[in-house]
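Here is a short note for someone opening this entry for the first time. Please read it with the model on screen.

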Amino acid sequence: MLRQIIGQAKKHPSLIPLFLFIGAGGTGAALYVMHLALFNPDVSWDRKNNPEPWNKLGPNDQYKLLSECILPHQPKANANRT
């Protein structure tokens, strides 16, 4: 398959940036999935020695990227409009 990509790149040099961006995107996606699998506290690879790794997180540790929590005492923006 790599030989075919190189052959196409030699015949059509304008395809080289396309191959580079697709390769970079695939590599980035694979690295992101590996990062999630290795460093996410919700994933436990060793159940015997560390069955609940999320319990070891302190109150100052960040483990969520985004929290869209609406507190009950906050009024909605359009609640008073009629």
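The points below go from the whole chain to single residues.

1. Overall make-up. This is a predicted model. The protein has 2 helices and 0 strands. Of its 82 residues, 4% count as buried. The exposed surface comes to about 8200 Å². Carbon and sulfur atoms supply 61% of that area.

2. The annotated segment. UniProt, in an unreviewed entry, places a "transmembrane region" at residues 15–39. In the model, this stretch is 96% helix and 0% strand. Its end C-alpha atoms lie 36 Å apart. Helix α2 covers residues 16–39.

3. F39. This residue belongs to helix α2. Is F39 buried or exposed? F39 has a relative accessible area of 61%, so it counts as exposed, the cut-off for that class being over 50%.

4. A nonpolar patch. F39 also helps make a nonpolar surface patch. The other contributors are L31, M34, L38 and W45. The patch measures about 640 Å².

5. F19. Helix α2 holds F19 as well. F19 is partly exposed, because its relative accessible area is 28%, and that class runs between 20% and 50%.

6. Contacts of F19. Which residues does F19 touch, not counting those up to four places away in sequence? They are I5, Q8 and A9. I6 is 13 residues from F19 along the chain. The C-alpha atoms of F19 and I6 are separated by 9.8 Å.

Technical notes. Residues are numbered from 1 along each chain as its sequence is written. This is a predicted model: local features need pLDDT of at least 70, side-chain atom pairs count only at pLDDT 80 or more; totals for chains, interfaces and linings use all residues. Side-chain values use heavy atoms; hydrogens and water are left out. UniProt positions are given in the numbering used here, feature names are shortened, and annotations may be inferred rather than shown by experiment. Helices (H or I, at least four residues) and strands (E, at least two) are DSSP runs, numbered from the N terminus. Patches are made of residues with over 30% relative accessible area and no salt bridge: like charges are joined within 9 Å, nonpolar side chains (Val, Leu, Ile, Met, Phe, Trp, Tyr) within 5 Å. Accessible areas come from the Shrake-Rupley method with a 1.4 Å probe; for residues, only the protein chains shown count as cover. A salt bridge is a side-chain nitrogen of Lys or Arg within 4 Å of a carboxyl oxygen of Asp or Glu. Buried means under 20% relative accessible area, exposed over 50%, partly exposed in between (1.4 Å probe, protein chains only). Contact means heavy atoms within 4.5 Å.
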